[in-house]
Amino acid sequence: MREINNAEETLTFCRAISSPARLFIVRYLMQNRSANLNELAEALGVTNGAVTAHIKALQAAKIIDTVNTSGRRGIQKNCRLREHRFLINLHNEYGADSMYQTEIPVGSYSRHEAYPTCGLASVNAVIGEVDDKRYFDDPKRAKAGIVWLSNGFLEYRVPNYLKEGARAKEIQLSFEIASEAPGVCEDWPSDIYFYLNDVPLGFWTSPGDFGAERGLYTPDWWFPNWNQYGLLKLLTINGEGTYIDGLKVSDERLLKLNIDHESPIVFRIEAPADAENKGGLTLFGKGFGNYNQDIHVRVIFEAPGA
């Protein structure tokens with residue numbers, strides 16, 4: 001899920017989906033996961049040139065991505081949705097002077113605890129050996145595009161770029177996540193908990209470990225009976241509480257943490273061994289899953305003297 005917070009992004013987004021043809025393309029991609037320009041032109045009953053113009057508008061609004069793939073007719077441009085849900089926030093508008101963004105690779109955890117089934121892999125190969133938790137300390141973990149464990153946690157230090165006198169008002173974290181079953185299992189619920197600076201924010205129950213279809217970005221060498229993709233979740237903590245995809249999950253407020261320019265910002269994702277639904281976790285990064293992203297972080301702050 002993507003939250004849109006400023007007027008320029010909102011206008012670009014609304015213009016992009018105001019066209020019936022572009023809205024058709026979005027819905028078509030939701031149903032078919034991906035499509036090339038020829039397929040979209042045929043489905044719409046228009047020329048490739050007309051489709052190309054629509055695709056440019058959807059790309060400008062950051063609604064879709066295009067990737068070049070080889071096919072029977074040579075190189076083809078395939079279109080895929082970047083997000084399946086969008087939240088337009090009309091209450092607040094944030095600009096570059098009150099917000100910063102960063103991205104944390106899924107293998108760049110600062111602390112961990114992992115138990116089999118577990119492992120990690122780059123886009124080229126498994127790192128070390130599967131189900132051997134010693135390899136979670138391997139320096140090559142920084143290149144990991146997928147990390148999985150049946151129980152335990154992954155902890156990440158979020159860069160603090162606040163200026164002296166500034167205080168964080170809202171922190172948003174976006175990531176692709178799923179359960180961890182031996183092999184894959186579409187019905188494998190897992191209670192996954194989230195913490196910020198050791199404060200429990202709440203939990204979300206992942207419905208399963210998805211593998212019925214191949215992940216859109218998952219490498220060709222990846223085994224078909226292993227985790228293929230997850231669900232993209234947006235975790236937000238602000239002055240009103242903690243939300244997952246816009247739904248409130250707890251009353252924990254960011255003000256309680258009092259994050260200023262000297263504060264650590266430590267984010268932990270945990271699949272406890274004693275959870276009601278013990279189903280582990282899989283975290284997807286760039287080169288794996290359906291979204292080709294690591295952990296996106298947005299920090300919205302109150303400027304000094306405000």
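What follows is a short chat about reading the overall fold and helix α2 in this predicted model.

Colleague: Where do I start? What does the secondary structure of the protein chain come to?

Modeller: Count the elements before anything else. Here the protein chain has 4 helices and 17 strands.

Colleague: And how do I judge the radius of gyration for 306 residues?

Modeller: Hold it up against what a compact globule of that length would give. For 306 residues that is near 19 Å, and the protein chain comes out at 20 Å, so the two agree. As for the box along the principal axes, the C-alpha atoms fill roughly 55 × 50 × 35 Å.

Colleague: How much of the protein chain is buried?

Modeller: Buried residues are 51% of the 306. Look at the contacts too: of those with a separation of 6 or more, 72% link residues 24 or more positions apart. On the outside, about 14,600 Å² is exposed, with carbon and sulfur atoms supplying 49% of that area.

Colleague: Now α2. How does its reach compare with the expected one?

Modeller: Take the distance from first C-alpha to last. Helix α2 runs over residues 20–32, 13 residues in total, and reaches 18 Å, close to the 18 Å expected at 1.5 Å a residue.

Colleague: Which residues of α2 are buried, and why do they sit on the same side?

Modeller: Check burial, then the directions around the axis. A21, R22, I25, V26 and L29 are the buried ones. They share a side of α2 because they cover an arc of only 145 degrees around the axis. P20, R27 and Q31, on the other side, are exposed.

Colleague: What happens just after α2?

Modeller: Check the backbone there: R33 takes a positive phi of about 70 degrees.

Technical notes: Residues numbered from 1 in each chain as written. Predicted model: local features only at pLDDT ≥ 70, side-chain atom pairs only at ≥ 80, totals over all residues. Heavy atoms only, no water. Helix = DSSP H or I, 4+ residues; strand = E, 2+ residues; numbered from the N terminus. Expected span 1.5 Å × (residues − 1). Buried < 20%, exposed > 50% of the residue type's maximum accessible area, 1.4 Å probe, protein only. Arc of directions from axis to C-beta. Rg over C-alpha atoms; globule rule 2.2 N^0.38 Å. Contact = heavy atoms within 4.5 Å. Areas by Shrake-Rupley, 256 points an atom, 1.4 Å probe, with all protein chains shown as cover.
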